[in-house]
Amino acid sequence: MIELTTSINASVLEKLLSDILLAVFLFLIVIVLMAQRSERMKLEAETKKALYESQLTYLQSIEKNAEDVRKFKHDYQNILLSMETFLQENRYEELKDYYYTQIQHSSQNLLKMNTQLSKLSLIQNLALRSIFYVKLGTIDTDKIRFTLEIDEQLHIEKTEEIPLVRAVGIILDNALEALRVLEEGALQVALIENQGSRLIVVQNTCAKDLPPLYKLEEQGFSTKGNNRGLGLTNLREITTNAGFMVETEVLNSRFSQKIIF
């Protein structure tokens with residue numbers, strides 16, 4: 001009887017342990033599946049947000065182009081009226097001076113800017129092209145020397161679109177803000193392919209007393225005041241999650257950032 005009871009108890013205990021292990025295993029599977037679902041939902045939410053931001057940027061580009069056309073028409077009418085006044089009063093020497101000091105200079109700057117921006121058509125990805133149009137279209141060519149270089153062979157994968165748009169937006173905002181503060185300087189932008197790597201490079205004139213890079217990348221730090229320095233922190237997070245590399249350099253009053261992907 002003792003041997004039989006011992007055998008039964010061992011069998012019950014073995015089954016109980018087996019059931020417990022099975023329950024723990026099933027519980028772990030449920031936890032993993034829930035974590036995967038949560039991560040997938042988070043990724044979908046971030047993707048929808050980024051797509052919305054990309055579409056908003058494109059709409060802003062269209063609105064800005066329409067506003068630029070309206071301003072150009074208005075300026076063109078004013079120029080014609082001014083020239084008509086000079087002609088009506090036979091003030092030819094003053095008209096000549098007005099043309100060479102005002103109209104020709106503005107015309108040359110506009111032509112240079114349009115020539116540079118026309119290169120953006122080489123970017124096949126619409127969202128990335130739009131962010132460049134929106135940001136670079138605000139440049140005051142009277143104060144800022146602007147150059148653009150684009151490798152027409154550069155290809156952007158669909159999965160790279162969203163993080164690139166967000167990262168480029170941050171970098172260009174920082175560059176243009178620095179130039180607005182200085183009220184002069186230079187901006188160079190390049191999209192190139194080099195030895196199998198694709199690069200987006202933005203270089204701008206910066207203040208001579210710019211804080212160290214480690215300070216600029218601290219969350220919350222900004223040269224514009226408290227709680228306004230999230231740009232570089234966000235940039236690092238976006239590029240890290242996307243698997244991009246970012247190289248930042250400050251040399252001889254030049255602030256340069258390079259995205260490698």
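**Exercise 1.** Which side chain is joined to that of N125 by a polar contact?

*Solution.* Before starting, note that the model is predicted, so that local features need pLDDT of at least 70 and side-chain atom pairs count only at pLDDT 80 or more, whereas totals for chains, interfaces and linings use all residues. Residues are numbered from 1 along each chain as its sequence is written, and side-chain values use heavy atoms, with hydrogens and water left out.

Step 1: locate N125, which is found in the loop between α2 (92–117) and α3 (126–136); helices are DSSP runs of H or I with at least four residues, strands are runs of E with at least two, and both are numbered from the N terminus.

Step 2: list the contacts of N125, a contact being heavy atoms within 4.5 Å; not counting residues up to four places away in sequence, N125 touches I156 and E161.

Step 3: apply the polar criterion, which asks for a pair of N or O atoms within 3.5 Å, where within protein one must be able to donate a hydrogen and the other to accept it, and where residues adjacent in sequence count only if both atoms are side-chain atoms. The side chain that meets this criterion with N125 is that of E161, at 3.0 Å.

Step 4: classify N125, which counts as buried at 10% relative accessibility; buried means under 20% relative accessible area, exposed over 50%, and partly exposed in between, with a 1.4 Å probe and protein chains only.

**Exercise 2.** Find the salt-bridge partner of R198 and state which elements the pair ties together.

*Solution.* Step 1: use the rule that a side-chain nitrogen of Lys or Arg lies within 4 Å of a carboxyl oxygen of Asp or Glu, by which the count comes to seven salt bridges.

Step 2: R198 pairs with E160, their closest N and O atoms being 2.7 Å apart. Because R198 lies in strand β3 and E160 in helix α4 (residues 158–182), the pair ties together parts that are 38 residues apart in sequence.

Step 3: check accessibility, which shows that both R198 and E160 are buried.

**Exercise 3.** Describe the salt bridge between E94 and R91 and the network to which these residues belong.

*Solution.* Step 1: the side chains of E94 and R91 meet at 2.8 Å, N to O.

Step 2: E94 is partly exposed, with a relative accessible area of 42%, and R91 also counts as partly exposed, at 29% relative accessibility.

Step 3: extend the search to E89, which is linked with R91 and E94 in a network of salt bridges.
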